[in-house]
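Walk through this model step by step, starting from an annotated stretch and ending in the strands.

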Amino acid sequence: MSTEPAFVIVTGMSGAGRSTAAKALEDLGWFVIDNLPPGLLFAMAEEAGKVKLAADKVAAVVDVRSLAFTTDLNAAIEELEGRGVRVRVVFLEASDEELVRRFENVRRPHPLQGEGRLVDGITRERGILREVRANADLVIDTSSHNVHELRNKIVAYFGGEDRPGLRVNVVSFGFKYGLPVDADLVVDCRFLPNPHWVPELRPMNGLEAPVRDYVLGQPGAKEFLDAYEEVLQVIAAGYTREGKSYATLAVGCTGGKHRSVAMAEQVAARLRDRGMEVQVSHRDVGRE
């Protein structure tokens, strides 16, 4: 068996939070190299092995510097895996609108915009990174995250790699605000009656007992939870066999305030009872 350290590559859109992710990993005791050209990834892995850095504690942050980025990165990953190094790719992204806002706030041009507009650089970068994003092990959408929230998410994913089992993030959301981009699985709770139309429940959310009891008391709620729990057991076992350490489950309703919140809490509780490490977030509560 290879003694080379496992390797995490952090990449993604410029302005999406790569530096924040790198600092969070460093705070967790990882050895991190920022702005490393893809062609030097294997050399870094060799050096990490020579100094006997701890497995699962080595990371490199790489970004787009040329049109050959994708080819170079794929070649580097193939070389690393061919030498017995386990590679995981974390991809950070954000919406065009949010990236524009961030670049305008710091008054810096996009690295790929050239003589064009800021949005031209963003579009060009998305095109170059399309394949990398599609093959990434973990995609994190930072559009609605500040630096502290992104750091907390990195800590949640990488703060306890030595603990066994799949780590799960359950997030509730409202379909009218869009799907969570980083979701691995999405379920729809709009088949349940909406507490929004019950006057006394409308101002509450799914964390409050009257709404929770109303949602869970509807026909089909328990049956759905029972069936989804069983499905998740099959999926979790498959993820574990494939070496996936973390997954994001999105639970949606119309506005992300009532049904999805109550059901997300129930899904999380059942997974914890199964021995999984679970964190819960409610993306759209308070948004209306």
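A "binding site" annotation from an unreviewed UniProt entry covers Gly12, Met13, Ser14, Gly15, Ala16, Gly17, Arg18 and Ser19. The model itself is predicted. Two of the annotated residues, Met13 and Arg18, serve as guides here.

Take Met13. Its place is the loop between β1 (7-12) and α1 (18-27). Is Met13 buried or exposed? Its relative accessibility is 1%, and buried means under 20%, so Met13 counts as buried. Which residues does Met13 touch, beyond its neighbours within four places in sequence? The contacts are Arg18, Phe91, Leu92, Glu93, Leu99, Ile122, Glu125, Arg126 and Leu129.

Arg18 is on that list. Arg18 lies in helix α1. At 11% relative accessibility, Arg18 also falls under the 20% cut-off and therefore counts as buried. The Arg18 side chain reaches back to the loop: the backbone oxygen of Met13 is 3.4 Å away. With neighbours within four places in sequence set aside, Arg18 contacts Val10, Thr11, Gly12 and Met13, then Val61, Val62 and Asp63, and also Leu92 and Glu125. Leu92 and Glu125 appear among the contacts of Met13 too.

Now follow Glu93, another contact of Met13, into the strands. Strand β4 covers residues 87-93 and runs parallel to β5, with four bridges joining the two. Glu93 stands opposite Asp141 in β5.

Strand β5 spans residues 138-141. Leu138 and Ile140 point one way, Val139 and Asp141 the other. Why the alternation? In a regular strand, side chains alternate between the two faces of the sheet. Leu138, Val139, Ile140 and Asp141 are all buried.

Key
Residues are numbered from 1 along each chain as its sequence is written. This is a predicted model: local features need pLDDT of at least 70, side-chain atom pairs count only at pLDDT 80 or more; totals for chains, interfaces and linings use all residues. Side-chain values use heavy atoms; hydrogens and water are left out. UniProt positions are given in the numbering used here, feature names are shortened, and annotations may be inferred rather than shown by experiment. Buried means under 20% relative accessible area, exposed over 50%, partly exposed in between (1.4 Å probe, protein chains only). Contact means heavy atoms within 4.5 Å. A polar contact is a pair of N or O atoms within 3.5 Å; within protein, one must be able to donate a hydrogen and the other to accept it, and residues adjacent in sequence count only if both atoms are side-chain atoms. Two strands pair if DSSP finds at least two bridges between them.
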